[in-house]
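Biologist: I'd like to learn how to read charged pairs and helix packing in a model. Could you walk me through it?

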Amino acid sequence: MFKKILIANRGEIALRILRACRELDIKTVAIHSEADAEAMHVRLADESVCVGPAPAKNSYLNIPSIITAATITNSDAIHPGYGFLSENYKFAKILEEHGYKFIGPKSKHIEIMGNKIIAKETMKNMEIPLIPGIKEIKSDKQVYDFVEKNGYPVIVKAASGGGGKGMKIIRKESEIKESLLLAKKESKNAFNDDTIYLEKFLEKPKHIEIQIIADQFNNVIHLGERDCSIQRSHQKIIEESPSSILSEQQRKKIGEISVNAIKSIGYEGLGTIEFLYENDSFYFIEMNTRLQVEHPVTEMVTGVDLVKEQIRIAAGSKLSWKQNDININGHSIECRINAENPKTFKPSPGKITQYHQPGGLGIRVESALFQGYSIPPHYDSMIAKLITYGKNRDESILKMKKALEEYVIMGIENTIQLNQDILKSEDFVSGKYNVNFMNEQKVN
Ligand code: MV4
């Protein structure tokens with residue numbers, strides 16, 4: 001097992017990783033920017049190293065500085081968390097070449113899944129269903145021919161994109177030329193790669209993702225699904241597991257398909273296979289090769305500590321579970337709480353003047369906040385995740401409503417009330433919501 005892990009992240013996820021390390025009796029090194037010297041992850045770690053100034057590109061993304069921190073602290077592994085360097089295959093590769101274990105998949109698999117066209121081709125060969133489309137758009141004519149045969153609407157996406165960047169929906173012929181030009185231009189600007197592809201556009205899909213975990217001996221299991229359809233501008237707000245619309249047979253089938261695909265590429269570590277789900281069918285869109293923000297809902301319903309298992313596997317241990325050991329029990333919901341104006345979603349950094357967090361049976365808070373802490377303006381605005389567990393979905397919702405009522409975060413604007421409004425809405429309560437929920441909802 002590792003003796004010391006450097007946590008290349010901040011905020012709630014740095015604390016989550018730190019706690020997993022403690023339980024595994026592994027020493028921790030926090031890294032931080034100049035703006036985060038007082039942050040909770042720095043206070044709780046065994047050691048800490050300042051890796052640069054406030055802007056992430058100079059600190060949490062500063063690869064030479066982070067490797068130097070690993071060297072001077074004699075760390076043997078680096079946990080990237082989510083965001084920042086977590087899906088940077090070059091970073092994973094540098095660590096592989098320098099004898100530090102990157103706690104995540106092999107750089108090769110991060111690279112494959114980072115290119116959405118290659119990811120889709122890889123999955124297609126493994127019998128995962130795809131949305132009909134054009135693999136790589138090389139000429140406008142291909143698009144004219146496709147819509148002639150398959151009709152509108154279609155969607156153009158950036159090969160290097162993901163999470164919604166550089167997407168264009170095309171609903172009629174007159175939009176084709178401009179949309180293709182714009183999509184190319186935007187993806188060149190954002191990703192320095194103007195490769196684009198096309199899919200038939202699904203109007204009302206759910207976003208359903210399957211959690212998998214694979215060890216270094218090609219043992220692979222899935223841990224059911226998460227429904228992440230409640231989002232705004234491609235930022236998730238509420239996630240839940242299990243999804244209320246899947247039957248036990250559907251879960252088993254999509255889980256097995258996902259496991260087989262992962263097995264056949266020799267993947268190692270945690271992974272999430274993202275699907276769009278419409279009219280009882282799953283369509284693969286992307287794979288995430290990192291620990292995800294919403295991992296707690298899966299932990300609550302399976303009882304598996306995903307971060308401890310991720311670390312154990314990275315150290316070369318075998319999976320602690322066989323597929324038959326995994327049962328989905330009860331229901332879990334996660335609400336993300338952001339330091340934002342709940343109407344405009346403009347970030348609201350500043351000092352927390354009063355803080356009280358909810359508790360009780362089935363209530364879990366993942367946050368690095370404390371009274372007197374100043375939220376810096378330089379990073380993501382998510383400040384807390386509130387997770388509930390109940391014996392069924394109704395109980396999980398009820399506990400969430402009561403826990404949100406109890407949560408006090410003063411001094412900054414936050415999205416607690418927005419979460420309350422969503423929980424009250426008819427579409428949320430029925431479970432029959434889709435990715436358009438926040439656009440359609442008259443959440444007030
Ligand atoms: C789609 C789609 C409909 N049809 N692809 C947005 C982010 C990226 N991961 C994929 N996205 C979508 N791809 C086809 N062919 C609708 C979306 C989409 C979406 C997907 C998941 C969660 C939220 C979403 C919100 C708007 C659009």
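Modeller: Happy to! Let's start with a term we will need: a residue is called buried when its relative accessible area is under 20%, and exposed when that area is over 50%. Keep in mind that this is a predicted model.

Biologist: Thanks. What is the general idea behind a salt bridge?

Modeller: Side chains of opposite charge can pair when their charged atoms come close. A search of the whole structure here turns up 36 salt bridges.

Biologist: Is Glu240 buried or exposed?

Modeller: Glu240 has a relative accessible area of 0%, so this residue is buried. Its salt-bridge partner is Arg393, with the closest N and O atoms 2.7 Å apart. The two sit in distant parts of the chain, 153 residues apart: Glu240 belongs to strand 12 (residues 235–241) and Arg393 to helix 12 (residues 393–406). Arg393 counts as buried too, at 11% relative accessibility.

Biologist: How many residues apart are Arg251 and Glu248 in helix 9?

Modeller: They are 3 residues apart in helix 9 (residues 248–264), so about one helical turn separates them. Their salt bridge has its closest N and O atoms 3.3 Å apart. Arg251, at 8% relative accessibility, counts as buried, whereas Glu248, at 53%, counts as exposed.

Biologist: Which residues are linked in a network of salt bridges?

Modeller: That network joins Glu209, Arg226, Lys236, Glu239, Glu294, Glu334 and Arg336.

Biologist: Now to a pair between helices. Which parts does the salt bridge of Lys177 and Asp140 tie together?

Modeller: The side chains of Lys177 and Asp140 meet at 3.6 Å, N to O. Lys177 lies in helix 8 (residues 176–191) and Asp140 in helix 7 (residues 140–150), so the salt bridge ties together parts that are 37 residues apart in sequence. Asp140 counts as partly exposed, at 29% relative accessibility.

Biologist: And at what angle do helix 7 and helix 8 pack?

Modeller: The angle is about 130°, and the axes are 11 Å apart. Angles over 145 degrees would count as roughly antiparallel, and 65 to 115 as roughly perpendicular; helix 7 and helix 8 are therefore oblique to each other. The crossing of helix 7 past helix 8 is right-handed. Helix 7 brings Asp140, Val143, Tyr144 and Val147 to the contact, and helix 8 brings Ile176, Lys177 and Leu180.

Biologist: What classes of residue make up the contact of helix 7 with helix 8?

Modeller: By class, there are 5 nonpolar and 2 charged residues, with no polar ones.

Technical notes: Residues are numbered from 1 along each chain as its sequence is written. This is a predicted model: local features need pLDDT of at least 70, side-chain atom pairs count only at pLDDT 80 or more; totals for chains, interfaces and linings use all residues. Side-chain values use heavy atoms; hydrogens and water are left out. A salt bridge is a side-chain nitrogen of Lys or Arg within 4 Å of a carboxyl oxygen of Asp or Glu. Helices (H or I, at least four residues) and strands (E, at least two) are DSSP runs, numbered from the N terminus. Buried means under 20% relative accessible area, exposed over 50%, partly exposed in between (1.4 Å probe, protein chains only). Axes are lines fitted to C-alpha atoms, for helices over the stretch in contact, and angles run from 0 to 180 degrees between N-to-C directions. Angles under 35 degrees count as roughly parallel, over 145 as roughly antiparallel, 65 to 115 as roughly perpendicular and the rest as oblique. A crossing is left-handed if the near helix is turned anticlockwise from the far one by less than a right angle, and right-handed if clockwise. Contact means heavy atoms within 4.5 Å. Ala, Val, Leu, Ile, Met, Phe, Trp, Tyr, Cys and Pro count as nonpolar, Asp, Glu, Lys and Arg as charged, and the others, Gly among them, as polar.
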